[in-house]
Amino acid sequence: MFHVRKFPLYKQSDAMDCGPTCLKMVAAHYGRHFPLQHLRNLSKSTRQGVTIADLIAAGEQLGFKTLSAELPLTVLSDKAPLPCLLHWEKQHFVVLHHITATHAYVADPAVGRSIGYTKREFLRAWQKDENSTTGRALFLEPTSSFYEQESIPEQRTTLLTLLPYLKAHRKLLSPVLGSLLLASGFSLLAPILTQMVVDKGIHQQNIPLLLLICVGQLMLFSGRMAMDFIRARLLYKLGTRISIQMLRGFIQKLMRLPLPFFDNRHAGDNLQRIADNQRVEEFLTSIFVTFVMAVISTVVLGGVLLYYNLWIFLLFLAGAVIAIFWANSFQEKRKLLDQQKFRMLAVNQQVLLEIFGAMQEIKLTGSEAIKSEQWQSVQERSFDLKLESLRMDQFMQGTGLFINEIKNVMITSVAAILVIQGNITLGAMLAITYICGQLNTPVLQLADFIRSSQNTLFSLQRIAEVQQEPDEDQHHHTRITAEDIKGKDIRLEGLRFQYGHQHSPVVLDNIDLTLPAGKVTAIVGMSGSGKTTLLKLLLKFYAPTAGRIMIGGLPLTSVNAGDWRQHCGVVMQDGYVFMDTIAGNVYAGSTERDAERLYAACKMANIHDFFSSMPFGYDTMIGKDGYGLSEGQQQRLLIARLIYRNPQLILLDEATNSLDAHNERAIMNSLHQFFPGKTVVIVAHRLSTVKHADQIVVMDKGRIVEHGTHHSLINVKGAYYHLIKNQLELGQ
């Protein structure tokens with residue numbers, strides 16, 4: 001059992017994180033500690049999680065010697081080096097770290113603890129299928145390069161990370177704190193007045209004093225109500241400002257992240273993190289203030305209770321400590337449920353986005369029932385999680401209330417006995433009872449604060465996962481101008497690229513190519529040959545796996561990505577029309593707004609007449625919530641956007657494939673007048689689009705197989721000739 005206790009255990013924070021978390025445990029076992037985010041990036045974790053091949057690649061980068069094998073349990077028990085990773089229940093990864101004659105001990109990242117299985121239970125979960133006695137294991141043996149690496153310190157996320165948001169609004173916090181102190185002062189006077197009513201007013205039959213005390217109580221109530229109103233308004237202002245500040249910072253961070261981040265995550269995940277930001281904002285402006293109020297009230301009223309009687313105070317303190325300790329004991333269970341609810345809500349967002357965005361296709365394919373059932377299935381799973389969470393909260397809160405009620409009954413009994421014994425007056429007993437009644441709410445609020453702070457911490461940890469992602473330009477990069485690019489050839493030297501890890505399929509392989517400055521280069525090839533990927537590397541959306549891209553004598557890797565794209569004009573296959581006016585869409589990203597240039601650009605794109613005929617001309621709203629445009633009209637708008645930017649580098653990816661022959665011919669004629677002096681790369685299939693290029697590059701399966709002019713390649717009658725003949729309807 002020594003090994004079971006000693007093995008480092010970590011819990012995955014996301015349903016897709018089991019593989020990286022297992023790597024984290026094995027690395028920690030051998031004395032090196034790495035943040036989960038670092039291991040996610042190494043294993044190229046995607047929306048579907050990771051594969052054995054991903055974990056092999058990540059393990060090798062960490063310095064492990066890896067071996068993946070399918071083997072029987074007898075070999076695993078007798079000869080296999082431990083710890084090792086296992087493919088578990090056909091959809092999960094765990095770490096096997098200890099085997100005895102009767103049990104196998106597995107560290108499961110889904111629960112964050114080690115579980116002992118009998119050999120039969122173990123085999124049932126590990127075996128490849130029901131008829132097999134073998135399973136898949138990944139063995140990791142540390143090499144010298146593993147021990148040469150330094151551990152990477154983990155950035156811990158605590159509630160203290162919220163302090164900067166509060167410090168930024170100190171001016172609003174001061175009056176809020178002042179109102180809390182005044183409200184606590186009013187609470188302090190209330191039991192004193194209650195005692196005076198009994199001991200002075202009733203006992204001495206002093207009616208004027210009774211009336212005065214009653215007036216005082218009304219004034220206290222009015223003051224407290226006024227403080228509540230003032231505080232509510234201040235908190236609204238504070239909450240709104242903090243919410244905007246937090247969400248703006250989160251969205252700005254998202255915009256600084258590289259494109260692969262969005263490739264590997266569902267949009268629903270990021271939308272749900274917006275909800276996490278709102279939970280944090282609510283904690284800062286509502287729950288935290290309630291907590292401060294509860295602390296002040298507890299200290300003030302607790303002090304008064306201590307003044308009245310030590311034993312009653314100790315009895316109250318014991319009950320409060322037990323209630324708070326009880327509330328804190330559910331942290332791990334709540335964290336697991338909160339993560340599951342986050343994942344389910346993200347899936348729900350994703351399903352709804354798909355339904356709303358693909359309604360036309362749903363109707364065309366008759367998928368209404370399937371999509372409805374898919375949504376219903378998500379709702380049912382969400383309902384089960386919410387019900388489980390409700391049961392846990394009811395059990396926790398119900399038990400807490402019962403503990404609190406036992407404390408109240410005991411305090412009342414002790415106070416009554418003290419009155420009978422003559423140790424305190426009846427008025428003091430009523431004051432004590434009043435104080436305890438007033439203290440019940442702060443104690444319950446402190447218990448609720450623990451629950452809310454735990455939930456907020458879970459949200460902060462999920463937000464921190466995004467905040468800790470490296471920016472697209474995390475290092476200092478060279479700032480460039482249009483003059484730095486003008487007249488410079490772009491050279492691709494030994495370029496190689498894979499989406500994912502080193503064992504993934506090669507998309508681009510050993511590309512050597514020069515894109516001459518001021519010339520037009522056309523790239524053709526079958527679908528899947530790597531043409532669009534090549535453009536994305538030129539746009540610095542992805543970094544090459546090997547090789548480099550040079551702008552004159554300057555490596556593209558050293559150039560600021562934002563600056564570089566400012567000098568690129570791009571029309572991609574999946575170009576986007578924003579929910580904005582026509583003019584706003586053409587201006588997109590441009591700081592200078594010139595109406596004459598706008599009209600000229602749209603005329604070159606052969607769409608000025610159409611835009612002018614719209615209900616509000618160029619001020620007409622288009623996009624998802626405005627007028628819809630056909631695919632051909634969208635492409636012409638995107639071409640107008642490119643022309644308006646007047647860039648040095650132009651990249652066109654099937655930019656005219658949705659246009660009819662007349663529009664394409666008119667636009668290409670305009671573009672050929674626009675191209676001189678600019679470096680142009682065109683990806684296309686149509687002969688009319690590529691035949692006038694200064695050079696044509698033919699790609700197949702990620703390689704360049706031919707390049708030359710249209711006439712030289714036709715004469716060779718090689719790959720280009722057959723591509724043109726079969727796809728572009730070139731004559732025999």
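## A tour from Leu 310 to the sheet

Select Leu 310 to begin: at 45% relative accessibility it counts as partly exposed, a label for anything between buried (under 20% relative accessible area) and exposed (over 50%), with a 1.4 Å probe and protein chains only. This is a predicted model, where local features need pLDDT of at least 70 and side-chain atom pairs count only at pLDDT 80 or more, while totals for chains, interfaces and linings use all residues. Residues are numbered from 1 along each chain as its sequence is written, and side-chain values use heavy atoms, leaving out hydrogens and water.

Leu 310 sits in helix 13; helices here are DSSP runs (H or I, at least four residues), strands likewise (E, at least two), numbered from the N terminus. Now add Leu 306, Trp 311, Leu 314, Leu 317 and Val 321: with Leu 310 they make a nonpolar surface patch of about 590 Å². Helix 13 (residues 310-328) gives the largest share, 5 residues.

Next, the sheet. Its 6 strands form an open sheet in the order 1-6-2-3-4-5, with antiparallel pairing (strands pair if DSSP finds at least two bridges between them). Strand 1 (64-72) and strand 5 (113-118) are at the edges with a single partner strand each, so one side of each has no neighbour in the sheet.

Zoom in on strand 2 (residues 84-88) and strand 3 (residues 92-99), antiparallel and joined by 5 bridges. Pick Trp 88 and you'll find its bridge partner, His 92, in strand 3.

Last, show helix 2 (residues 18-29), which lies across strands including strand 3 and strand 4 (103-108).

Key:
Contact means heavy atoms within 4.5 Å. Axes are lines fitted to C-alpha atoms, for helices over the stretch in contact, and angles run from 0 to 180 degrees between N-to-C directions. Patches are made of residues with over 30% relative accessible area and no salt bridge: like charges are joined within 9 Å, nonpolar side chains (Val, Leu, Ile, Met, Phe, Trp, Tyr) within 5 Å. Accessible areas come from the Shrake-Rupley method with a 1.4 Å probe; for residues, only the protein chains shown count as cover. A salt bridge is a side-chain nitrogen of Lys or Arg within 4 Å of a carboxyl oxygen of Asp or Glu.
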